[in-house]
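Visitor: I would like to learn how to read empty space and strand pairing in a model. Could you walk me through it?

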Amino acid sequence: MRIRRIGTLDFNADTNIVVDATNRDAPGIGFRANDLFDPQPFAVEIAFRRATRQDALNAVSTLARELHSYAQRRQNERLAVAGGVLVVAEDAAGGGTPRAYLRDGSVTLLGIETTATGVLARVRVTGTLNHPFLYYIETSNTLSSLLPYERRVAALSSLSDAYLYKQDISFSASNAAGLYNVLLALEELESATGTSRIIAINPASATSGITLQNWNAGWATLTRANFTSTTSGTITYTVGTTFPADVYRLFVEIFCPTTPSANARYLLSWGGQPQIAETITGTRSWYMPALFVRSEAPITLTLELQSVPVGTLVMPVVLIPTDGVFVWNILTPPTLSTANIRNHQSAMSRPFATAPAGTIYGPPGAVTSRYIAVFNGMMTSTITSASADLVIWSYQIEPAAFA
């Protein structure tokens, strides 16, 4: 994969990457599959062929000057590009579309020699790319009318099976009065036949004054516990053994229709696990009390709530794997309407934004293939017509630019 340009230097027959005496294609710099949010090391050898020795040295000096000068100011409107020399790579079709910015550059003159076609200066350039070679052209897909707690598997259209993509996400809720906390998850699937590992476990029983209510979540019929005539009570969940063995984040959502009292709390326990206690607040509904590993035999989770408002809703327990799933916890005052999550390498404004103004906890965007599963963890007192739309903007990563 050829590098087409560094700074103002366009690579051609007289300025190019050196691999050996006859091949001037770009050498590999290493594709780091597990840290695609991070800067990438860069090292190449460049040959400048010019008519005279002075011309060759001037070309080396120009490159060194640009490594310094372009690092002193922001090179485009994207927030992550604080400075650096533009590096343009050739894509698989031969176009010069993938790009990154080189910082902390170093130039070492390796030698000058006179050849039959001119003077050849060879230099080694090292530094750090601010991100992987990336397309700044975006492709959008919309997942429409996601139901509360829907888990949906999708193949993003107009994308290729061959590439990875950095994903930006825009969430918008409809008919969700009182919504103030959403748990959003994006899971990468290995292929078109991949299955999601996100699990929801319905309540098995509840004490007096708590009513179990079913609703259609699209992929399953789920059940929530409504504290219809009590302020304290206990709910149990039976966790089976049929879901994949993995390490999971255990989430529970406790939606309070009004601000709970200062002594409201929940207590969670199961066999072999010391009791977990936490205060219930009116500013969030999602809690992650523990990590969880599937047992060899079914177990019972016991969840006790104390001093909560009448009308409090307790949802199915949600298990989300610790690996391979991007999770965002979105909190605003009621009523949450929109949230934007942009990867920091394409963001031109705040990477995280909500309406009304709030807080998003989670990573800056996601990296996945075109095959994904999403989980829409939204809940309000009335969900008859509640839904959400998810717009995903994809920016192609070019792994072959590293190979």
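Visitor: Which residues line the largest cavity?

Guide: First, the ground rules. This is a predicted model, where local features need pLDDT of at least 70, side-chain atom pairs count only at pLDDT 80 or more, and totals for chains, interfaces and linings use all residues. Residues are numbered from 1 along each chain as its sequence is written, and side-chain values use heavy atoms, leaving out hydrogens and water.

Guide: Now the general idea: rolling a probe the size of a water molecule over the atoms shows where empty space is left. A cavity is a set of points, on a 1 Å grid over the protein atoms alone, where a 1.4 Å probe fits but cannot get out; lining residues have an atom within 4 Å of a point. Here the lining of the largest cavity consists of Leu250, Val252, Tyr266, Leu268, Pro289, Leu303 and Val317. Two or more of these residues come from each of β17 (247–255) and β18 (265–270), strands being DSSP runs of E with at least two residues, numbered from the N terminus.

Visitor: How much space lies in the largest cavity?

Guide: About 30 Å³, a volume being the space filled by probe spheres set on the points, which are joined across faces, edges and corners.

Visitor: How many bridges join β18 to β21?

Guide: Strands pair if DSSP finds at least two bridges between them. β18 and β21 run antiparallel, with five bridges; among the partners, Leu267 is matched with Glu304 of β21. Strand β16 (residues 233–239) also pairs with β21 in the antiparallel sense, over seven bridges, and Val239 has Ile299 of β21 as its bridge partner.

Methods: On a 1 Å grid over the protein atoms alone, a cavity is a set of points where a 1.4 Å probe fits but cannot get out, and a pocket is an open set with protein on both sides within 12 Å along at least five of seven lines; lining residues have an atom within 4 Å of a point. Helices (H or I, at least four residues) and strands (E, at least two) are DSSP runs, numbered from the N terminus.
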